[in-house]
Amino acid sequence: MIEPHYDWQIKNVDRPSDEATQLADALSIEPMVGQILLNRGYDSKEKAEQFLQPDLSQMHDPMAMHDMQKGVERIQSAVANGDHITIYGDYDADGVTSTSILYETLDQIGANVDYFIPNRFVDGYGPNVAAFERLIKDGTQLIVTVDNGVAGNDAIARANELGCDVVVTDHHELPAKLPDAYAIIHPRHPEAQYPFGGLSGAGVAFKVATALLDEVPQEMLDLAAIGTVADLVPLVDENRVLVTAGLQLLSQTDRLGLVALIKEAGIDPDRLDEQSIGFGIAPRLNALGRLDDAAPAVELLTTLDEDRAEKLAALTEKQNKYRQKLVADISEVALAQAQDENHRDHPTMLITGKGWHEGVLGIVASKVVEVTGKPTVVLDVNSENGTAKGSGRSVSGFNLFDAFDGQRDLLVNFGGHAAAVGMTAKADQLDQLQAGFDQAAVDQKLADQPKTQLTVASEMPVGDVSEDLYQQLRQLAPFGTDNPVPMFAFKPSAVQNVKAIGADGKHLKFQLTDQNHQLNAIDFGAGELAPVLQSAPQQVKVVGQIDINVWQGRTSMQVMVKDLAVDGLVISDQRTQKLRQDMFQDANATYVFFNQRLYEKLKPQIPATANSWLLTDAKRLGKVRTPTVYLVDCPAQIGDLKVALNAVQADQIVAYFYLKESHYLLGMPDRAQYAKLFRFVQTHHDVDVSHRLNELAKYLQIVPTQLVLMLQIFRELGFVTIANGKLNEVEQPAHHQITDAPSYQKRQQQIETEKQLLYSETADFKSLLTSLIAQD
């Protein structure tokens with residue numbers, strides 16, 4: 001069994017209500033789409049039309065935003081006076097697009113303007129006192145912040161002391177005490193009633209640009225769209241307008257830097273959508289600020305020099321690839337640490353390393369959360385200054401900020417919110433920090449938190465997926481926060497063509513099949529589940545989004561898997577004649593052996609965090625709960641297998657059933673071989689079988705292992721004696737049948753066991769294991 005990560009909330013939009021049908025008729029759309037709109041709060045024709053047909057006329061008056069009039073007048077005054085204006089931005093994609101928007105706007109109206117992007121590792125986030133002092137010393141007479149500023153009290157106070165006004169444009173949470181800025185332009189400021197508070201930093205900058213130009217700067221919609229998608233703000237209301245219009249411009253942009261960047265990213269401009277921004281453009285812009293200085297990103301977005309654009313795009317691509325490698329390398333170590341004996345039993349994860357690039361630790365923390373399901377903080381320990389610096393990410397229902405807010409005596413710096421934090425901790429206090437982290441899990445009742453809910457539009461037959469349905473659903477795009485892509489549940493009769501793909505087999509690809517219909521599915525990052533789906537093709541359930549795939553001019557439908565589940569016990573038939581190191585890498589599993597010599601040989605290769613035991617340990621250990629049990633070698637009898645299976649409680653059984661030499665294939669000795677050996681012992685005395693067994697086997701033309709069995713049988717039946725390694729005949733032995741010997745009977749049992757466990761068809765094999773478990 002594989003449990004789903006989410007709690008699937010199926011809405012059955014395939015059975016639309018009368019209200020949804022009426023709405024769909026009024027809008028000339030499919031009833032299913034009408035039901036989705038209704039479920040999302042668009043319960044009138046007017047609301048739905050505005051949602052389905054976003055255009056610039058739906059943009060709100062920028063002057064309604066708090067301090068917009070005051071801020072714009074101060075900027076215009078600085079422009080008129082020729083004052084040196086500095087745009088103070090941020091180092092993420094929202095920050096650099098915000099900076100680019102206002103920089104281009106002020107340049108367009110003739111301002112003496114420059115921009116400054118703080119360095120993540122030197123200046124930190126937001127207004128920095130030292131940075132402000134440097135800018136003012138260098139001649140800045142007005143600072144305009146974008147995508148930051150509402151928490152910059154100290155820096156703004158210092159600017160005021162130095163006679164430099166600061167106009168703040170920001171969208172982040174407003175603190176209890178606001179800075180004494182000349183103006184604070186913010187869509188959620190409590191002293192104004194701006195109609196939409198969900199703008200990104202780029203969205204706010206775009207509104208300021210609109211106010212300064214007295215018209216919507218349509219040539220900057222591409223930048224606004226990138227910042228809006230990158231910052232994961234709600235894709236409704238004005239943001240939906242900005243992204244829809246921005247995507248149209250972006251697909252045909254003449255902005256040289258974006259043209260070069262889109263080419264470097266391998267994005268098809270004709271198929272460019274919000275995912276192209278979220279997974280292609282934004283991560284590349286973010287990479288610059290994560291690893292070094294983000295200022296080149298602004299130059300990339302604003303340059304009019306084609307050669308410079310191409311060089312900056314190449315630099316951005318190089319940095320992004322380096323960022324990807326850093327994330328992959330650190331994640332591998334972090335995930336192994338999360339599963340070791342010092343970490344795996346904690347309800348929270350505090351992962352530490354040395355020499356880790358702090359700019360990517362938030363991404364690494366997210367990956368650990370994804371794998372473990374636990375709130376995670378990842379820190380780089382600096383032995384020279386005695387600190388550990390990094391980032392944390394949370395899970396649904398756990399407030400990460402609150403978990404560390406009460407431990408500030410252990411921290412040098414700390415900030416963030418419920419879902420994500422950044423911190424610098426005292427390196428010699430990490431044990432106490434972990435203890436407090438774990439206590440927060442208890443205090444917040446983390447163990448009692450339900451799974452995160454996943455809204456599922458409906459259950460969908462495989463055969464109902466079509467390009468027409470895909471196009472109907474695309475009417476709801478662009479998708480993002482507060483307007484998620486519709487998810488559908490599939491319960492196929494089976495899955496087939498299951499394979500792990502990618503250079504490292506990291507991703508999972510398979511087909512959903514139902515009657516005469518097939519539908520491709522892909523699950524990124526789930527390649528390790530391939531054996532499970534291969535072993536339980538009739539037990540798989542999937543939730544995912546309907547997508548279209550174009551490859552070499554051919555179009556096909558596919559499902560992008562969001563979550564999957566496998567019902568019942570999964571039995572994976574991986575019977576093998578060769579054991580490899582990569583078969584013993586599951587750190588959370590239990591490995592069961594039936595042969596002591598093999599167990600002692602392989603035990604050092606098994607992860608320290610895994611369980612491994614011999615059959616003889618089963619009764620002593622009692623019932624062991626484990627996600628997966630690996631049956632490494634073949635038992636001598638079915639009864640031993642039954643004991644092993646009933647000693648564990650697992651979701652998956654993986655059977656290797658390795659056997660060095662098969663008794664079933666060798667068979668039992670025949671009458672002629674027994675007669676040949678009998679005649680030999682009658683005519684030879686004191687045969688040194690302890691040293692010359694192979695020589696004797698060659699002489700008799702009998703396989704050595706068969707000869708050993710025959711000698712055991714003869715000895716058990718009193719036909720021969722073996723004393724001090726010397727073989728001799730017993731004169732006038734009692735009459736016995738060969739079949740009476742215990743060794744003969746044991747070998748027959750081994751052969752029958754091998755026949756059932758090693759040489760049976762997969763279906764019969766699984767049926768046998770299932771029956772043995774049911775007999776418990």
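## Salt bridges and a loop residue

With a relative accessible area of 46%, E695 is partly exposed (buried means under 20%, exposed over 50%, and partly exposed in between, with a 1.4 Å probe and protein chains only). Its partner R692 is partly exposed too, at 45%. This is a predicted model, where local features need pLDDT of at least 70 and side-chain atom pairs pLDDT 80 or more, while totals for chains, interfaces and linings use all residues. Numbering runs from 1 along each chain as its sequence is written, and side-chain values use heavy atoms, without hydrogens and water.

R692 and E695 form a salt bridge, meaning a side-chain nitrogen of Lys or Arg within 4 Å of a carboxyl oxygen of Asp or Glu. They lie three residues apart in helix α25 (residues 689–700), so about one helical turn separates them. Helices (H or I, at least four residues) and strands (E, at least two) are DSSP runs, numbered from the N terminus.

The whole structure holds 22 salt bridges, including these:

| Pair | Closest N to O | Relative accessibility |
|---|---|---|
| R692 and E695 | 2.7 Å | R692 45%, E695 46% |
| E299 and R308 | 2.7 Å | E299 25%, R308 35% |
| E274 and R474 | 3.3 Å | E274 5%, R474 24% |

The pair E274 and R474 links distant parts of the chain, 200 residues apart: E274 sits in helix α12 (residues 274–291), R474 in the loop between α18 and β14. E274 counts as buried, whereas R474 is partly exposed.

V485 also belongs to the loop between α18 (467–473) and β14 (488–490). Beyond neighbours within four places in sequence, V485 contacts R40, F479 and Q545 (heavy atoms within 4.5 Å).
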